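Q: Let's talk through how the helices pack in this one. Put the model up and we'll go step by step.

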Amino acid sequence: MIREEAATHGLDPYLVAAVIQNESGFEPSVKGKAGEVGLMQVFPRGSRAWFRCPEDAATLARDARANVRCGVAELAHWRERCAGDGDAWLGGYNVGRCDTETGARYARRVLRLLARGRGESKPLRAEWRARLARTGATR
């Protein structure tokens, strides 16, 4: 499911998995204080309005595939809107605006999880982070 949805938007499935780990710890029933739901902690109203996700809050909370589909669409949206700047677009996903300061903290957490998910023992190198920032995807 993660691979399919990530491929649809040209995102690295390991990056999507790292966001899911950070947002919900892979617990689909998690609900955030501000109303976020599911694996990717999607805001139901925002997802319907901005990312054309037809699912209602109950569906997004209950259906992991719908939640991941909408969350990945939102990640792709922020990557495009923030011109591929890795810290800013990951921050956009986290706070709802291209924000390099807040985004840098969020990006560090997500990239640490990404490194672990890929089996890398060290944090990602600057070269790799630069590639992520330029393309929004890894190969």
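A: First, the angle words: under 35 degrees is roughly parallel, over 145 roughly antiparallel, 65 to 115 roughly perpendicular, and the rest oblique. This is a predicted model, where local features need pLDDT of at least 70, side-chain atom pairs count only at pLDDT 80 or more, and totals for chains, interfaces and linings use all residues. Residues are numbered from 1 along each chain as its sequence is written, and side-chain values use heavy atoms, with hydrogens and water left out.

Q: How are H2 and H6 oriented to each other?
A: H2 covers residues 13–24 and H6 covers 86–95 (helices are DSSP H or I runs of at least four residues, numbered from the N terminus). Their axes, 13 Å apart, make an angle of about 40 degrees (lines fitted to C-alpha atoms over the stretch in contact, with N-to-C angles from 0 to 180 degrees). The pair is therefore oblique.

Q: Which residues of H6 meet H2?
A: H2 brings Leu 15, Val 19 and Glu 23. By class, the contact (heavy atoms within 4.5 Å) has 5 nonpolar, 1 polar and 1 charged residues. On the H6 side are Trp 89, Leu 90, Tyr 93 and Asn 94.

Q: How many of the 10 residues of H6 are buried?
A: Buried means under 20% relative accessible area with a 1.4 Å probe, protein chains only. Among those that qualify are Trp 89, Leu 90 and Tyr 93. H6 is largely enclosed by the rest of the structure, because the buried count is 8.

Q: How does H6 lie against H7?
A: Here the axes are 7 Å apart and the angle is about 90 degrees. That makes the two helices roughly perpendicular.

Q: Which residues of H7 make that contact?
A: H6 contributes Gly 86, Asp 87, Ala 88, Leu 90, Gly 91, Tyr 93, Asn 94 and Val 95. The contact residues split into 7 nonpolar, 6 polar and 1 charged. From H7 come Thr 100, Thr 102, Gly 103, Ala 104, Tyr 106 and Ala 107.

Q: Which helix gives the most to the largest nonpolar core?
A: That core (buried nonpolar residues joined through side-chain atoms within 4.5 Å) has 32 residues. H1 (2–8), H2, H5 (64–81), H6 and H7 (100–117) each supply at least two. With 7 residues, the top contributor is H5.

Q: Which residues of H6 does Leu 75 contact?
A: Leu 75 is among the core residues with the most contacts inside it. Beyond four places in sequence, its partners include Leu 11, Val 16, Val 19 and Met 40. From H6, they are Trp 89, Leu 90 and Tyr 93.

Methods. Nonpolar A, V, L, I, M, F, W, Y, C, P; charged D, E, K, R; others polar. Buried < 20%, exposed > 50% of the residue type's maximum accessible area, 1.4 Å probe, protein only.
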